[in-house]
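This report is meant for a reader who is meeting the structure for the first time. It begins with one term that is needed later, and then moves from the whole chain to particular elements.

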Amino acid sequence: MSESFGEKTELTVKGAAEELARRQAAKTSLIDYCKFMDPSYEPFDIHRLIARKLEDVEAGRLRRLAIFVPPAIGKSRLSSELFPSWFFGRNPTHEFIETSYDEALAKSFGRNVRNFLQHPKYALLFPEVALAHDATAMAEWKTNQGGEYKAEGVGGGLIGFHGHIAVIDDPFKSYESALSDNQRRLVWDWYAGVLLNRLRSYKDGPGSVILIMQRWHDDDLGGRIEKLHEESEEEWDIIKVPSLAEEDDLLGREEGEPLLPDGPNRRTKDELEQLRKRNPNIFMAVHQQKPFSDEGGLFKPEDLRLYNRSELPENITLYGASDFALTEGSGDYTVHMVFGVCSRGHIWIIDLWRKQVDILGGVSQCVDLMLEYEPLQWFFEKVHMQKAIGPILTKARKEAGAWTSCIDVSVIGKGRKDSPQRAGSIAGAMQMGYVHAPSFAPWLANFQYELTKFPNGKNDDQVDAFALIGMKLDDLLVAKGLDPVDEGAFSLEVQGLSFDDYREMNSNRRRGRAWNRGAIVLPFPEKSPLDEDWDSEQVMNVS
């Protein structure tokens, strides 16, 4: 009997110790707090990442935090409901502003935060913190220690309210809203002219702003903040998490791995790929956090003509072009592009391969593509071939039996790799509707994104391979029996850059502006293969 009593006592003591440890963890860890308040809460790596960043804000280690994540992953539950209630438990005398695109949505956040403070479990963690009896409205309430909470829609008034921390949870309601120049301007004016002026100093520093959203547009609030950060006007910690992992994923996922393969908000890779196919532009923005630029710099998104499998011409001559990353781990990509030229002088991109690999890996993939497509010629930047690429590629081609002719392209006098002058010829052809890309290709959206960001984007490796095609345009047209200056083909004249041009270009790049001077193109009367009277019988299916 005494042994049984002793065992029960031991179990009771052990259980009490575990419960005490659980409560202590919930006071200091946001994820542990979430699981304590809601036993059904199931955090994934993305939630742990967001929680760590929110903890840094609460501790005063971060003053500006932007997290760009896909929709329907539980970000609002964590950042706009659980986090504010945890914040007040640790800072009951402070003030907090919560905003979203819609006032009603912001008020619902306020109601849920208020409900957490009234929950019996909350009193177990923070027994000295409660709601003030005389201020309990769901959008505006106070703690019993003088802390204050205000929920408001983006664009709404905040007169009389202040915040040590302000959360902006999705400033745009929809894609249509973000497309509106006027709406984007109103959101920015409210952020810069209203919200920032309502911040109080916090923990020996300025008040903190947390922006958490899915990207919609290149010039949305997140895009403008990115530019401020890049220009060193404001220091932000910017976190981008795509639905489908890319190389060097923040969460350590393999490339192509979905963000939430399990749980109530799961989306499989197949489902995400279907969404990508339906609308690549929106998918790149909302799911991959890479919105296209409306205007672009040298390349305009609407100038790239998209084709279906049945629209590829029959009499097409295949070529290839490559841009190699010469240094492993440099952050650059090796890009191989397979394209064709039809009898009308149009360029049809067939395949594109892009990956961060060493020289051997890049050469191996290049040879594989030569064997698969058997192109007539393959173009390489001359300086690459003169370095390590040439001997390695020659040996690999010989061993594999890939007899495609390799052509050196001199870029002397064409400007730097990120120069609009180097890409001017292919940009001119694209402006005239002479460049086509497969609408069904999984790499299409990323290619379009890089084009519209050039020359101010982070990466330009695809543009570099693309530019080689432009540098060989005259030769390719002559090989098809077309005179580039005759009617029926097209003529390109790339304008030279003066010293003042370079000054203007560099000044605009520092300010995050596009530099639009590029190729001068001479118009021509020929119809496109995609025009209504194009002979559809001159096509073949491509698997």
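Wherever an angle between two helices is given below, each axis is a line fitted to the C-alpha atoms over the stretch in contact, and the angle, between 0 and 180 degrees, is taken between the N-to-C directions. The model is a predicted one, and the statements that follow should be read with that in mind.

**The protein as a whole**

The secondary structure of the protein comprises 18 helices and 17 strands. Of its 543 residues, 52% are buried, and the protein exposes about 24900 Å², of which carbon and sulfur atoms supply 48%. When contacts between residues at least 6 apart in sequence are considered, 72% of them join residues that are at least 24 apart.

**The sheet and the helices that lie on it**

Eight strands make up an open sheet with mixed pairing, and their order is β3-β4-β5-β2-β6-β7-β1-β8. At its edges are β3 (131–136) and β8 (237–240), each of which pairs on one side only, and from one strand to the next the twist averages 15 degrees. At the β3 edge, two bridges join this strand to β4 (residues 140–143), and the two run antiparallel; L131 stands opposite T143 of β4.

Helix α3 (residues 45–58) packs on the sheet, where it touches β1 (64–68), β6 (165–169), β7 (208–213) and β8, and its direction makes about 165 degrees with that of β1. Helix α9 (residues 221–230) lies across β1, β6, β7 and β8, and runs at about 130 degrees to β7.

**Two pairs of helices**

Two packed helices are described by the angle between their axes and the distance between the axes. The table sets out these values for two pairs.

| Helix pair | Angle | Axis distance |
|---|---|---|
| α10 (residues 269–278) and α11 (residues 280–287) | roughly 125 degrees | within 5 Å |
| α15 (residues 444–453) and α16 | about 85 degrees | 9 Å |

Given their crossing angle, α10 and α11 are therefore oblique to each other. In this pair, L272, L275, R276, K277 and R278 of α10 meet P280, F283 and H287 of α11, and the residues of the contact divide into four nonpolar, one polar and three charged.

The helices α15 and α16, by contrast, are therefore roughly perpendicular to each other. Their contact is made by N446, F447, E450 and L451 from α15 together with D461, Q462, V463 and F466 from α16, and by class it has four nonpolar, two polar and two charged residues. Helix α16 (residues 461–471) is mostly covered, since eleven of its eleven residues are buried; among them are the charged-class contact residue D461 as well as A465, L468 and M471.

**Two single residues**

Why does S177 count as buried? Its relative accessibility is 17%, and the cut-off for a buried residue is under 20%. S177 is found in helix α7 (residues 175–179), and, leaving aside its neighbours within four places in sequence, it is in contact with F172 and Q183.

A396 is found in helix α13 (residues 382–400). With neighbours within four places in sequence again set aside, A396 is in contact with V363 and V367. A396 and C366 are 30 residues apart in sequence, and their C-alpha atoms are 9.6 Å apart in space.

Note on methods. Residues numbered from 1 in each chain as written. Predicted model: local features only at pLDDT ≥ 70, side-chain atom pairs only at ≥ 80, totals over all residues. Heavy atoms only, no water. Pairing = 2+ DSSP bridges. Helix = DSSP H or I, 4+ residues; strand = E, 2+ residues; numbered from the N terminus. Contact = heavy atoms within 4.5 Å. Parallel < 35°, antiparallel > 145°, perpendicular 65-115°, else oblique. Buried < 20%, exposed > 50% of the residue type's maximum accessible area, 1.4 Å probe, protein only. Areas by Shrake-Rupley, 256 points an atom, 1.4 Å probe, with all protein chains shown as cover.
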